[in-house]
Amino acid sequence: MGDVADLTAKAYEIVRMIPPGSVTTYGHVAKLAGYPKYSRHVGNALKLLPADSQIPWQRVISAKGLISPRGDEGQGVARQKDRLEQEGVEVETLAGAGGERVDIRQYGWFPDELPQPLGQ
């Protein structure tokens, strides 16, 4: 991989572009950033954001439409679900320990390219 700092900066910039009430996937952010095989890094970069971050991290979910657990006994999942619902996104609670899912066909933001080049 090229530069981890470059991918992280680009990922944050892309996530800021996701409109309220929409979601995209870790993989799509990585693809738009020019690092299509590094979706896991996008997730790690978002996980490390401070609690008061202005980057709308809640708008990024898994390719299956699931809110990814963070190893914090579900607190992060609940926080992400609450933030998405505040934006008008419907989050379905799956039976058992299935987790929380968003219909990415309805709420998905998947541009083929960005409206402006990164870093401008």
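The exercises below, each with a worked solution, concern a predicted model.

**Exercise 1.** Determine which residues of helix α2 are buried, and which elements they pack against.

*Solution.* Begin with the extent of the helix, which covers residues 26–33. Buried means under 20% relative accessible area, and the residues of α2 that are buried are Tyr26, His28, Val29, Ala30, Leu32 and Ala33. Six of the eight residues of α2 are thus buried, so the helix is largely enclosed by the rest of the structure. Next, ask what surrounds these residues: they pack against the helices α1 (4–17) and α3 (39–47), and also against β1 (24–25) and β2 (60–61). Finally, look at what comes after the helix, where Gly34 follows with a positive phi, near 90°.

**Exercise 2.** Describe the largest nonpolar core, and place Val15 within it.

*Solution.* The largest nonpolar core has 22 residues, and those with the most contacts inside it are Ile14, Val15, Val29, Val42, Leu46, Val60 and Trp109. The elements that contribute two or more residues to this core are α1, α2 and α3, and α1 gives the most, with six residues. Turning to Val15 itself, and leaving aside its neighbours within four places in sequence, one finds contacts with Val29, Leu46, Ile55, Pro56, Trp57 and Val60. Apart from this core lies another, of nine residues, among them Val23, Ile61, Ile67 and Val77.

**Exercise 3.** Decide whether Gln80 is buried or exposed, and list the residues that Gln80 touches.

*Solution.* First locate Gln80, which belongs to helix α4 (residues 75–86). The relative accessibility of Gln80 is 0%, and because the limit for a buried residue is under 20%, Gln80 counts as buried. Once residues up to four places away in sequence are set aside, Gln80 touches Trp57, Gln58, Val60, Ile61, Ile67 and Arg70.

**Exercise 4.** Characterise the largest pocket by its volume, its lining and the elements that supply that lining.

*Solution.* Start with the volume: the largest pocket holds about 320 Å³ of space. Its lining comprises 14 residues, of which Tyr26, Arg40, Gly43, Asn44 and Ser68 are the closest to the centre of the pocket. When the lining is sorted by class, five residues are nonpolar, six are polar and three are charged. As for the elements, α2 and α3 each supply at least two of the lining residues, while α3 gives the most, with six residues. Tyr26, one of the residues closest to the centre of the pocket, is also among the buried residues of α2.

Terms used. Residues are numbered from 1 along each chain as its sequence is written. This is a predicted model: local features need pLDDT of at least 70, side-chain atom pairs count only at pLDDT 80 or more; totals for chains, interfaces and linings use all residues. Side-chain values use heavy atoms; hydrogens and water are left out. Buried means under 20% relative accessible area, exposed over 50%, partly exposed in between (1.4 Å probe, protein chains only). Helices (H or I, at least four residues) and strands (E, at least two) are DSSP runs, numbered from the N terminus. Contact means heavy atoms within 4.5 Å. A nonpolar core is a set of buried Ala, Val, Leu, Ile, Met, Phe, Trp, Tyr and Cys residues joined through side-chain atoms within 4.5 Å. On a 1 Å grid over the protein atoms alone, a cavity is a set of points where a 1.4 Å probe fits but cannot get out, and a pocket is an open set with protein on both sides within 12 Å along at least five of seven lines; lining residues have an atom within 4 Å of a point. Grid points are joined across faces, edges and corners, and a volume is the space filled by probe spheres set on the points. Ala, Val, Leu, Ile, Met, Phe, Trp, Tyr, Cys and Pro count as nonpolar, Asp, Glu, Lys and Arg as charged, and the others, Gly among them, as polar.
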